[in-house]
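Biologist: Could you take me through this structure step by step, starting with how its parts are held to one another?

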Amino acid sequence: MEEIKLPGTTLAYPKGQEDVFAVIEPVLTATGGLTLRQVCDLTGLPASTIQNWVKRGWVASTVGKRYGERHLMRILLINMMRDAMPLERIVTLMAYINGSVEDEGDDIIPDRLLYAMLCRILRDTLDKGSFDEATIHRRTLQAVDDYPCTSQTAKEKLIKTLLIMTWASLSSFCRQKSEQAFQDRDTNE
């Protein structure tokens, strides 16, 4: 089986790793946040794209030119869906689930946990090869089952957001696979 990347990054997905952020967290802790160059290396994004996302208010403003957990998680979430959805829709979706990018007080779920749930759903889906709607919906419900939402409305928003993000991420994955197959089409002749 080919190597699968940690969604939104250039890193290999660590097999059996439940808390995907645990792969990145030690670097953030040791350095007090990542530099722009490090975020670019981690995501494969050009610096101008990341700076533009901060300038437009899609990612919170940096502190001392360092990108912390909140910045990085938002960048990864946007990056993993951007091949499948217009950026404005992604930003609208992020505001739907977590309100203002600068205010954590209105968040239904921290971006870190949202990312972890999404990665778990995607990993289960890719490992088992079940892309049908009922299975993905069941996996989404399982992922949010233990999360303590403040209300039923918040839980419904979380489920809807995860479903949209899952389909967008799977769409991006399929698009990358088709691009790879297209590029490899002449090598098997």
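Modeller: Please keep in mind that this is a predicted model. A good starting point is a salt bridge in which the side chains of R112 and E25 meet, at 3.3 Å from N to O.

Biologist: Which helices does the pair of R112 and E25 tie together, and how many residues apart in sequence are these parts?

Modeller: Side chains of opposite charge can pair when their charged atoms come close. R112 lies in helix α6, while E25 lies in helix α1 (residues 25-31), so the salt bridge ties together parts of the chain whose separation in sequence is 87 residues.

Biologist: How many salt bridges does the structure hold?

Modeller: The pair of R112 and E25 is a salt bridge, and it belongs to a wider set. Counted over the structure, the number of salt bridges is seven.

Biologist: Helix α6 also packs against α4, so to speak of that pair, what are the angle and the distance between the axes?

Modeller: Two packed helices are described by the angle between their axes and the distance between the axes. The residues that meet include E69, R70 and M73 in α4 and D111, R112 and L114 in α6, and by class this contact has eight nonpolar, no polar and five charged residues. The crossing of α4 and α6 is left-handed, with an angle of about 35° and axes 9 Å apart.

Biologist: Is the crossing of α2 and α4 left-handed or right-handed?

Modeller: Helix α2 (residues 36-43) packs with α4 at an angle of about 35°, their axes being 11 Å apart. The contact is made by V39, L42 and T43 of α2 together with L72, I75, L76 and N79 of α4, and by class it has five nonpolar, two polar and no charged residues. As for its hand, the crossing of α2 and α4 is right-handed.

Biologist: How much space lies in the largest pocket?

Modeller: Rolling a probe the size of a water molecule over the atoms shows where empty space is left. For the largest pocket, that space comes to about 590 Å³.

Biologist: Which helix supplies the largest share of the lining of this pocket?

Modeller: The largest pocket is lined by 27 residues, of which K5, P7, G8, F173 and Q176 are the closest to its centre. By class, the lining divides into 10 nonpolar, 10 polar and seven charged residues. Helices α4 (69-81), α6 (111-128) and α8 (152-183) each supply at least two residues of the lining, and the largest share, seven residues, comes from α8.

Methods: Residues numbered from 1 in each chain as written. Predicted model: local features only at pLDDT ≥ 70, side-chain atom pairs only at ≥ 80, totals over all residues. Heavy atoms only, no water. 1 Å grid on protein atoms, 1.4 Å probe; cavity = no way out; pocket = protein on both sides within 12 Å on 5 of 7 lines; lining within 4 Å. Points joined across faces, edges and corners; volume = space filled by probe spheres on them. Helix = DSSP H or I, 4+ residues; strand = E, 2+ residues; numbered from the N terminus. Nonpolar A, V, L, I, M, F, W, Y, C, P; charged D, E, K, R; others polar. Axes fitted to C-alpha atoms, helices over the stretch in contact; angles between N-to-C directions. Left-handed = near helix turned anticlockwise from the far one by under 90°. Contact = heavy atoms within 4.5 Å. Salt bridge = Lys/Arg side-chain N within 4 Å of Asp/Glu carboxyl O.
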